[in-house]
Amino acid sequence: MLERLNEEKVFKDPVHRYIHVRYRLIWELIGTKEFQRLRRVRQLGTTYLTFHGAEHSRFSHSLGVYEIVRRINEIFSQYDGWNEENRLLSMCAALLHDVGHGPFSHSFEKVFGFDHEDFTRMVILGDTEINQILRKVSASFPEEVADVIAKTHDNKLVVSLISSQIDADRMDYLLRDAYFTGVSYGQFDIERILRVMRPGDDQIVIKQSGMHAVEDYIMSRYQMYWQIYFHPVTRSAEVILSKILHRAKKLYLEGYSFKHEPKHFHSLFKENISLEDFLKLDESVVMFYFQIWQEEDDPILRDLCERFMNRRLFKYVEFNPMEKMNDWRELYDSFKEAGIDPDYYLEVDSSSDLPYDFYRPGEEEERLPIHLLKPGGDLRELSRESEVVEAISGKKRTDHKLYYPADIIMQGNTKATRRIRSLLQLD
Ligand code: NI
């Protein structure tokens with residue numbers, strides 16, 4: 001089961017320089033069609049419309065997470081109790097943790113009501129090449145890998161390598177997304193963090209001397225969320241993408257006859273997508289339909305696809321619908337009056353993030369805090385030691401934006417469009 005390759009394989013990687021593969025099992029998993037499919041799914045969805053460098057794939061991110069876990073394993077192998085079983089389990093889980101992601105996951109999951117985590121489980125446990133390879137280790141091994149990814153595995157230490165507030169997944173995506181978007185704020189010293197990581201009883205702990213490197217990592221995460229992941233222009237593209245999916249689904253269910261039948265979407269529209277159909281979807285397929293839907297007779301579908309393909313996105317203003325219920329209703333009605341369907345052309349998007357949290361038992365999003373290992377062997381929660389981290393701990397920030405088609409609203413000269421402009425304070 002732990003057969004080594006005759007010769008180590010390496011992938012050149014812009015973030016980690018090299019990804020090293022020594023086990024035959026890992027090499028075979030990378031070669032499966034389910035894993036190769038991740039080359040055709042972008043890591044950051046619509047972000048490439050804001051930061052044009054952000055074309056990197058989930059394939060490169062998955063290899064990166066594997067490489068970080070492989071390096072943590074090298075460090076942990078010096079400690080008692082860290083055995084070969086942990087090593088193999090953590091590396092497979094790292095490699096496969098995102099294997100259930102579909103094209104533009106965020107929007108697809110919201111519109112069609114499924115969860116990529118369910119598909120990750122199905123890819124690992126179902127009738128797939130990945131499952132066949134994992135079974136060579138043992139009949140129960142696929143289940144174990146799936147449990148680590150789902151955070152339900154008994155070995156909490158292995159789970160914490162893949163998902164915790166300082167895990168290999170986050171460390172890779174922060175560095176990788178910063179590199180490909182070209183920004184400088186995602187940087188932190190991963191070499192240092194890896195050197196000060198230690199295996200605790202049920203999670204990774206960090207030597208006290210590494211506290212500043214961890215502060216840097218937390219701040220980098222905070223910056224990346226607000227500067228990249230929640231960028232309002234990216235969210236605008238996301239809004240249009242969701243509207244396209246909603247429109248196409250509605251038309252399909254109403255029996256509209258498409259010029260080009262969207263075969264790949266049928267089971268999605270009916271919300272009974274099988275694993276087999278899911279694995280046939282990737283971003284090239286989605287973009288193909290968006291391209292040809294620009295020729296459809298339905299004016300809304302056609303227009304939304306033109307906007308997405310040619311990056312004629314919606315503009316935005318700050319708007320909190322909870323504080324402005326009346327304005328929202330008036331806007332909605334004015335859009336109708338102006339002949340602009342508000343269900344497709346008016347949207348409020350809210351994003352919120354909690355950069356770091358200490359332990360709050362029983363809360364909805366229970367998070368394991370990061371623990372520092374003091375020289376005497378005691379553990380201290382990070383925000384009790386670091387004033388920088390304390391300042392942002394447990395503080396949730398939310399941002400509300402209202403999206404609208406500025407080209408239509410600014411040109412219109414009816415009573416309704418004038419009212420919309422005044423409600424949005426555009427004049
Ligand atoms: Ni990931």
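Here is a short set of notes to read alongside the structure.

1. Before you start: this is a predicted model, in which local features need pLDDT of at least 70 and side-chain atom pairs count only at pLDDT 80 or more, while totals for chains, interfaces and linings use all residues. Residues are numbered from 1 along each chain as its sequence is written, and side-chain values use heavy atoms, with hydrogens and water left out.

2. Let us begin with the metal. Four protein residues act as donors to the nickel ion: His61 and His97 through NE2, and Asp98 and Asp169 through OD, at 2.2 to 2.3 Å. A donor here is an N, O or S atom within 2.8 Å of the metal (3.2 Å for Na, K and Ca); water is not among the atoms, so sites may look incomplete. Along the chain, the nickel donors are spaced as H-x35-H-D-x70-D. Distant parts of the chain are linked in this way: His61 belongs to helix H3 (residues 58-76) and Asp169 to helix H10 (residues 168-181), 108 residues apart. Helices are DSSP runs of H or I with at least four residues, numbered from the N terminus.

3. What is the geometry of the nickel site? Its four donor atoms make angles of 80 to 167 degrees, and the site is irregular. Four donors would be tetrahedral if all angles lay between 85 and 135 degrees; four would be square planar, and six octahedral, if opposite donors were over 155 degrees apart and all others between 65 and 115; anything else is irregular.

4. Are His61 and Asp169 buried or exposed? His61 is buried, with a relative accessible area of 1%, and Asp169 is buried too, at 16%. Buried means under 20% relative accessible area, exposed means over 50%, and partly exposed lies in between (1.4 Å probe, protein chains only).

5. Now turn to the second largest pocket, with a volume of about 220 Å³. A pocket is found on a 1 Å grid over the protein atoms alone, as an open set of points where a 1.4 Å probe fits, with protein on both sides within 12 Å along at least five of seven lines; lining residues have an atom within 4 Å of a point. The volume is the space filled by probe spheres set on the points, which are joined across faces, edges and corners.

6. Which residues line this pocket? Among them are Lys33, Arg40, Asp127 and Glu276. Helix H15 (275-280) and helix H2 (33-36) each supply at least two lining residues, and H15 gives the largest share, four.

7. Two lining residues of that pocket are nonpolar, one is polar and eight are charged. Charged covers Asp, Glu, Lys and Arg; nonpolar covers Ala, Val, Leu, Ile, Met, Phe, Trp, Tyr, Cys and Pro; the others, Gly among them, are polar.

8. Two residues deserve a look for their backbone. Most residues other than glycine have a negative phi. Glu271, in the loop between helix H14 (266-269) and H15, has a positive phi near 55 degrees and is partly exposed at 46%. Gln425 follows helix H23 (415-423); its phi is also positive, near 55 degrees, and Gln425 is exposed at 69%.

9. Finally, Ser334 sits in helix H18 (residues 325-337) and is buried, at 0%. Ser334 and Arg419 are 85 residues apart in sequence, with 7.1 Å between their C-alpha atoms.
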